[in-house]
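I opened this notebook to record what I looked up about the pockets of one structure and about a strand beside them.

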Amino acid sequence: MKSSIWKLPSDCGVSVASSDDNSTAPTPLELLSHLNSPEGGSDVKCIKWQPGDGQRVFSLVDNRILLWDLRESGVSAKLVSSWDAEGKSHAKLTVGTWNPHQNCIQIATANDTFVRVWDLRNQQQVLTIENAHATLVRDVDFNPNKQYYLATCGDDCKVKFWDIRASNKPLKVLDDHSHWVWCVRYNHFHDQLLLTSSSDSRVILNNVASLSSEPFGHLLEDDGNSDDSEDVEKERSLPVNQDCIISTYEEHEDSVYAVEWSSADPWLFASLSYDGRFIINRVPKAVKYKILL
């Protein structure tokens with residue numbers, strides 16, 4: 001398998017095709033570089049941009065970690081370093097993520113039931129969480145606003161929260177899903193908001209206020225302009241500073257493999273299921289105001 005870096009055209013804004021189908025063809029993407037491992041490999045599991053300037057990416061190929069740099073030419077990717085993720089488990093890597101803190105000198109990877117944190121400066125493990133989940137770890141995500149805090153999910157139907165300074169046991173465990181949990185994502189701005197997606201066809205939006213970097217906000221006074229008083233009353237009844245499920249989204253009919261927050265709008269998120277259904281949702285308005293006010 002191969003991976004590549006592509007450049008979007010500068011005029012890639014959304015356009016609506018004309019009714020007579022005579023609209024111009026879409027502008028093709030520009031190929032910048034292939035990310036081909038010198039050692040080969042058959043299974044590319046993950047490619048992640050560095051948070052912030054995006055001048056580096058890492059990729060996971062089989063059981064190998066590769067770090068690429070785009071800063072020298074700005075066009076082609078240069079392989080800076082690569083190493084084998086050796087450990088007690090010889091299973092292939094399944095997923096990885098950047099640690100956005102400390103100038104992005106660390107990444108976390110998962111294989112089998114293990115989670116490992118690596119120092120990119122010397123390619124050494126700085127942390128191993130053995131048996132983070134009872135079965136396969138599907139995803140990992142660092143809290144973007146609170147150092148040392150990491151969320152994981154797996155085939156044991158659980159979401160776990162860790163402090164990597166003391167990782168002998170999780171800080172908190174959520175078991176709201178009834179099947180494998182494929183994805184966990186912190187909100188980039190309001191880290192008490194956490195999304196998870198699962199093979200149970202559901203997306204769950206949680207408030208994890210107890211482990212967040214900011215309070216959940218205050219109750220919003222009624223402005224008298226709501227069109228759906230029942231939904232608003234339900235949203236207003238949510239505990240202000242307590243962990244809880246904010247909303248469960250059941251529009252999908254198959255396993256939901258991915259969920260992501262918008263990089264432009266902190267209240268917008270999208271989910272993608274096995275059957276190809278792509279759904280965009282928003283954080284409930286009342287919850288948004290509780291956080292902001």
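Before turning to volumes, I noted that a pocket here is an open set of grid points, on a 1 Å grid over the protein atoms alone, where a 1.4 Å probe fits, with protein on both sides within 12 Å along at least five of seven lines. I also kept in mind that this is a predicted model.

Entry one, the second largest pocket. I found that about 370 Å³ of space lies in this pocket, and that 14 residues line it, with T94, V95, R138, W182 and Y257 nearest its centre. Strand 3, strand 11, strand 15 and strand 19 each give two or more residues to that lining. When I sorted the lining by class, I counted seven nonpolar, one polar and six charged residues.

Entry two, the largest pocket. Its volume is about 510 Å³, and among the 18 residues that line it, W49, P51, T97, D141 and H188 are the closest to its centre. I looked up which strands supply at least two residues of this lining, and they are strand 3 (44-49), strand 7 (95-99), strand 11 (137-142), strand 15 (181-186) and strand 19 (256-261). By class, I read eight nonpolar, six polar and four charged residues in the lining of the largest pocket.

Entry three, strand 7. I checked how covered this strand is, and found that five of its five residues are buried. Strand 7 runs antiparallel to strand 8 (residues 106-111), to which five bridges join it, and W98 stands opposite I107 in strand 8. The two strands, 7 and 8, form a hairpin with six residues between them, and in the turn Q102 has a positive phi of about 55°.

Note on methods:
Residues are numbered from 1 along each chain as its sequence is written. This is a predicted model: local features need pLDDT of at least 70, side-chain atom pairs count only at pLDDT 80 or more; totals for chains, interfaces and linings use all residues. Side-chain values use heavy atoms; hydrogens and water are left out. On a 1 Å grid over the protein atoms alone, a cavity is a set of points where a 1.4 Å probe fits but cannot get out, and a pocket is an open set with protein on both sides within 12 Å along at least five of seven lines; lining residues have an atom within 4 Å of a point. Grid points are joined across faces, edges and corners, and a volume is the space filled by probe spheres set on the points. Helices (H or I, at least four residues) and strands (E, at least two) are DSSP runs, numbered from the N terminus. Ala, Val, Leu, Ile, Met, Phe, Trp, Tyr, Cys and Pro count as nonpolar, Asp, Glu, Lys and Arg as charged, and the others, Gly among them, as polar. Buried means under 20% relative accessible area, exposed over 50%, partly exposed in between (1.4 Å probe, protein chains only). Two strands pair if DSSP finds at least two bridges between them.
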